[in-house]
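Student: Please take a close look at a single part of this model. I would like the backbone details there, and then how the part sits within the chain as a whole.

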Amino acid sequence: MFDQALTQTKQGTVVIIDDNPNIRESIKMILEEEYSLRFFESGITALEHIRNAQPDLVISDISMPQMNGIDVLRHIKEIDKSIQVIMLTGYASVESARASVRYGAYDYIVKPYDTEKLIEIVKSGIKYRKQLMDDQDNIDKIRKLNKEMEREMMKSRKLAYSGQLSAGIIHEVSNPLSAIEGYLHIIQKKIKDKALIEGEELDFLKKYIAITHNQLRRSIRIIRNHLDFLKISNEESLIDINENLEEIITLLKYQNITLNIEIKSEYGSIPKLRGNPDHFQQIFMNMLYNAIHAIEKRGIIIVRTEVVTEEKGLSFISISFIDSGHGIPKDKLEHIFEPFYSTKGKGKGTGLGMAISYEIIKKYGGDIIIKSTAGKGTKISLLIPLQ
Ligand SMILES: Nc1ncnc2c1ncn2[C@@H]1O[C@H](COP(=O)(O)OP(=O)(O)OP(=O)(O)O)[C@@H](O)[C@H]1O
Ligand SMILES: [Mg+2]
């Protein structure tokens, strides 16, 4: 207890490495009042202690048997750049001492040294280390804040988009429906009073009917996607998520699109979830199809389930889809939850998958977290709070 109280009032921790007992003794007398000290005869034993204890400062002789001071310095800088090192040198090795400063030593002292100078260099070396530690602390704090802000922005974006979903659906189907109405009007006019249609006129009609058909198909797809989502069946049950995923993955494995894709499942032990199985089926399908579409030739998709506990102590079931696909560039990431945002080309994706998935997950009080690196892959995690 007493020792600990004593250490706390000291100005810092210093390790001294010198094979000469007289030097160790004299440094002890000079510094022991202000600093907590540890002495070593060789670099090798000292390094083990430095790795564990991370002292503020090390004073090391340059010429020692086994490991010389420059090597000791190199190892310390690998352990932690912020630990300051002062080299002790005789006149014979002043050149190496100068060189050591280029390798990152804080300063050097020539023996026989002046006590005042030693005290001054140690003091300023420790001050410098504390400054570095404070800077690192601040950088860490700013990084954390930045991350939190990014998360908050993504959250508000997701919420804003989710409000647009229904309005978006109406807008999106009202365009093709108006087009269909217009084309049907033209077709009707063309065939009015006609008993026989052939040649150019027939080609014209065929073309217009094909366009109408396409527009109608698109509207139906959008509405079906949305209706699936709105389907608020009362069919709530206890869902075994792992089983649910396995069924879908087995189904996908029988399809040609996954021939060059390895789907690997890492199921953790997670509790059953109360909810609507259709909801989860729909989300899992969308996540897996997105991952499959992101893989151009060969690749892997890992499906992982686990229970994770947040810093604040809240626990979630986490369902992650990790793919080795083309990833999502940073400027596109912010649009992912936007209804009708799709990069899949005309007629290929409706761009509703993520928007609807988020809407569903929100119903369960959860969230969707995306981490992606363009060219490397994407990890999408669904987090659902444990009830
Ligand atoms: N795992 C992923 N890897 C790369 N890009 C992705 C991934 N998941 C989603 N995306 C991007 O997000 C966009 C929106 O996805 P979303 O599921 O909402 O729509 P979609 O897949 O394009 O269309 P739909 O789901 O209706 O077929 C995709 O077009 C794609 O650009
Ligand atoms: Mg999709």
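Tutor: Start with a term: helices and strands here are DSSP runs, of at least four residues for a helix (H or I) and at least two for a strand (E), numbered from the N terminus. The coordinates come from a predicted model.

Take P112 as the entry point. P112 sits in the loop between strand 5 and helix 6, where helix 6 covers 115-191. The peptide bond leading from K111 into P112 is cis, with omega near -5°. Most peptide bonds are trans, and most residues other than glycine have a negative phi. Keep both habits in mind for what follows.

Now step back into strand 5. Strand 5 belongs to an open sheet of 5 strands, ordered 2-1-3-4-5 and paired in parallel. Strand 2 (36-40) and strand 5 (107-110) are the edge strands, and each has a single partner, so one side of each lacks a neighbour in the sheet. On average, neighbouring strands in this sheet are turned by 20° against each other, direction ignored.

The partner of strand 5 is strand 4, residues 84-89, and the two share 4 bridges in the parallel sense. One bridge links T89 to V110 in strand 5. Helix 5 (residues 94-102) packs on the sheet and touches both strand 4 and strand 5. The direction of helix 5 makes about 165° with that of strand 5. As for side chains, in a regular strand they alternate between the two faces of the sheet.

Go to the other edge. Just before strand 2 there is a loop that starts after helix 2 (21-31), and Y35 lies in it. Y35 counts as buried because 20 C-beta neighbours fall inside 10 Å, and 20 is the cut-off for burial. Setting aside neighbours within four places in sequence, Y35 is in contact with K10, Q11, G12, T13 and V14.

Two other loops around strand 3 deserve a check. The first loop joins helix 3 (43-53) to strand 3 (57-61), and Q54 lies in it. Q54 has a positive phi of about 45°, although it is not a glycine. Q54 counts as partly exposed because it has 13 C-beta neighbours inside 10 Å. The second loop runs between strand 3 and helix 4 (69-79), and it holds Q66. Q66 also is not a glycine, and its phi is positive at about 70°. With 12 other C-beta atoms within 10 Å, Q66 is exposed.

Now place this part in the chain. The chain has 11 helices and 12 strands. Its radius of gyration is 34 Å, well over the 21 Å that the globule rule gives for 387 residues, so the chain is more spread out than a compact globule. The C-alpha trace spans about 120 × 50 × 40 Å along its principal axes. Of the 387 residues, 26% count as buried.

The domain assignment gives domain 1 as 2-113 and domain 2 as 235-387. Their C-alpha centres lie 54 Å apart. A single pair of residues gives another distance: the C-alpha atoms of Y35 and G375 are separated by 52 Å, with these positions 340 residues apart along the chain. Of the contacts with a separation of 6 or more, 66% join residues 24 or more positions apart.

Domain 2 residues offer a second set of pairings. Strand 7 (residues 261-267) runs parallel to strand 9 (residues 299-309), joined by 7 bridges. I263 is bridged to I301 in strand 9. Strand 9 also pairs with strand 10 (residues 315-323), this time antiparallel, over 9 bridges. There, I302 has I322 as its bridge partner. The hairpin of strand 9 and strand 10 has 5 residues between the strands, and G313 takes a positive phi near 95°.

Two helices finish the tour. Helix 9 (residues 277-294) has 18 residues and should span 26 Å at 1.5 Å a residue; its end C-alpha atoms are 26 Å apart, which agrees. Its buried residues include F280, I283, F284, M287 and L288. In helix 11 (residues 353-363), 9 of the 11 residues are buried, so this helix is largely enclosed by the rest of the structure. Among them are M354, I356, Y358 and I360. Helix 11 is followed by G365, with a positive phi near 75°.

Technical notes: Residues numbered from 1 in each chain as written. Chains lettered and ligands numbered in written order. Predicted model: local features only at pLDDT ≥ 70, side-chain atom pairs only at ≥ 80, totals over all residues. Rg over C-alpha atoms; globule rule 2.2 N^0.38 Å. Contact = placed C-beta atoms within 7 Å. Domains from an automatic or database assignment. Expected span 1.5 Å × (residues − 1). Pairing = 2+ DSSP bridges. Axes fitted to C-alpha atoms, helices over the stretch in contact; angles between N-to-C directions.
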